[in-house]
Amino acid sequence: MASKLTGTVALVTGASSGIGEATARQLAELGASVALVARRKDRLDALAAEIEKAGGTALVVQADITDRAQAEAAVERTVEHFGRLDTLVNNAGLMLLGPVVGADAEEWERMIDINVKGLLHTTRAALPHLLKAAEDGTRRVADIVNISSVAGRVAGNGLGVYNLTKFGVNGFTESLRQEVTQRHVRVGVLEPGGVYTELASHNKPEIQEAVFAPLLAAVEFLAPEDIADGVAYMVTRPRHASIADLWIMPTESA
């Protein structure tokens, strides 16, 4: 019996680790052919081999989506290889915490490039293909899922620039949803809270201790697979059902 996403194609950015890796694996298990997009080719190759060993289909696309030309080329290669694009998961992200004043400005610029510009580049490149898939596709609907954060709703000390990027992602998602929803492209934002992945490892040790140690003591952190389940839930809804905003939060530790 065919799986829910059989015959469809999904592109996942940031697919070389954490949530992106888990999401690509989950979509492949549901029957989608998956384009794995990220900078670290060795990690992508390993994931593609795992997916194909399990009976799935994967395409490795090494790209830095902060570069518009590379983002566009990644989308075009996906469509050229598979013939279509039905689902875009904008997962690539960077979380660097710290004070707005006195922090490394280059770090902020890198985070803005990945979290905002990269998402915009891939979305703009993918949208014409998603609109086409929604018109004549297997499911007659296409999906964009933007992975944001509860930091896109709730501000906090040390979250300033990260808040800036995620508030921006949320606003962009809502605007785009209103723009294309009548054309059968569903656009939603998934906002995890309390997920500990490689994303957090880029922070300085003192920030890790100040921010994450108290959280680790207070809640049972979510795993990347929990977020991947949320993505799968959003894109396997019936055609007439749309999820504009999904929060996934941990429970308190016992």
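**Overall architecture and packing of the predicted model**

Of the 254 residues in the protein, 52% are buried. The structure described here is a predicted model, and a good place to begin is its overall plan. The protein has seven helices and seven strands. Read from the N terminus, these elements follow the order β-α-β-α-β-α-β-α-β-α-β-α-α-β. Contacts between residues at least 6 apart in sequence often reach far along the chain: 70% of them join residues at least 24 apart. About 11,900 Å² of the protein is exposed, and carbon and sulfur atoms supply 52% of that area.

The interior comes next. The largest nonpolar core holds 38 residues, and the members that touch the most others are Leu85, Leu130, Ile144 and Val185. Two or more residues are given to this core by each of the strands E1 (9–13), E2 (33–38), E3 (57–62), E5 (142–147) and E6 (185–192), and by each of the helices H3 (68–82), H4 (105–136) and H5 (160–180). H4 provides the largest share, nine residues. Leu85 gives a closer view of the packing: leaving aside residues up to four places away in sequence, Leu85 touches Val9, Ala10 and Leu11, then Val75, Thr78 and Val79, and also Ala126, His129, Leu130 and Ala133. A second core, separate from this one, has 33 residues, among them Ala32, Ile147, Leu190 and Ile227.

Ile227 leads on to helix H7, where it is one of the buried residues, together with Pro224, Ala228, Gly230, Val231, Ala232, Met234 and Val235. The cover over the buried residues of H7 includes helix H1 (18–29) and the strands E4 (87–90), E5, E6 and E7 (245–248). The length of H7 can also be checked: its 12 residues, 224–235, should span 16 Å at 1.5 Å a residue, which agrees with the 17 Å between its end C-alpha atoms.

Charged side chains add another layer to the picture. Side chains of opposite charge can pair when their charged atoms come close. The structure holds 10 salt bridges. One of them joins Arg84 to Asp86, with 2.7 Å between the closest N and O atoms, and both of these residues are buried. Within helix H4, Lys117 and Asp113 lie four residues apart, about one turn of the helix, and form a salt bridge whose closest N and O atoms are 3.3 Å apart. Lys117 counts as partly exposed because its relative accessibility is 42%, and Asp113, at 25%, also counts as partly exposed. In helix H5, Glu174 and Arg177 are three residues apart and so separated by about one helical turn; their side chains meet in a salt bridge of 2.9 Å, N to O. Glu174 has 33% relative accessibility and counts as partly exposed, as does Arg177 at 23%. Elsewhere, salt bridges link Glu21, Arg25 and Glu50 in a network.

Two local features complete the tour. On the surface, Val154, Trp247 and Met249 form a nonpolar patch with about 300 Å² of accessible area together. Met249 sits in the segment after E7 and, at 44% relative accessibility, counts as partly exposed. The other feature concerns the backbone. Most residues other than glycine have a negative phi. His184, however, has a positive phi of about 70 degrees although it is not a glycine. This histidine, His184, is found in the loop between H5 and E6, and its relative accessibility of 33% makes it partly exposed.

Terms used. Residues numbered from 1 in each chain as written. Predicted model: local features only at pLDDT ≥ 70, side-chain atom pairs only at ≥ 80, totals over all residues. Heavy atoms only, no water. Core = buried A, V, L, I, M, F, W, Y, C linked by side-chain atoms within 4.5 Å. Buried < 20%, exposed > 50% of the residue type's maximum accessible area, 1.4 Å probe, protein only. Contact = heavy atoms within 4.5 Å. Expected span 1.5 Å × (residues − 1). Patch = residues over 30% accessible without salt bridge, like charges linked within 9 Å, V, L, I, M, F, W, Y side chains within 5 Å. Areas by Shrake-Rupley, 256 points an atom, 1.4 Å probe, with all protein chains shown as cover. Salt bridge = Lys/Arg side-chain N within 4 Å of Asp/Glu carboxyl O.
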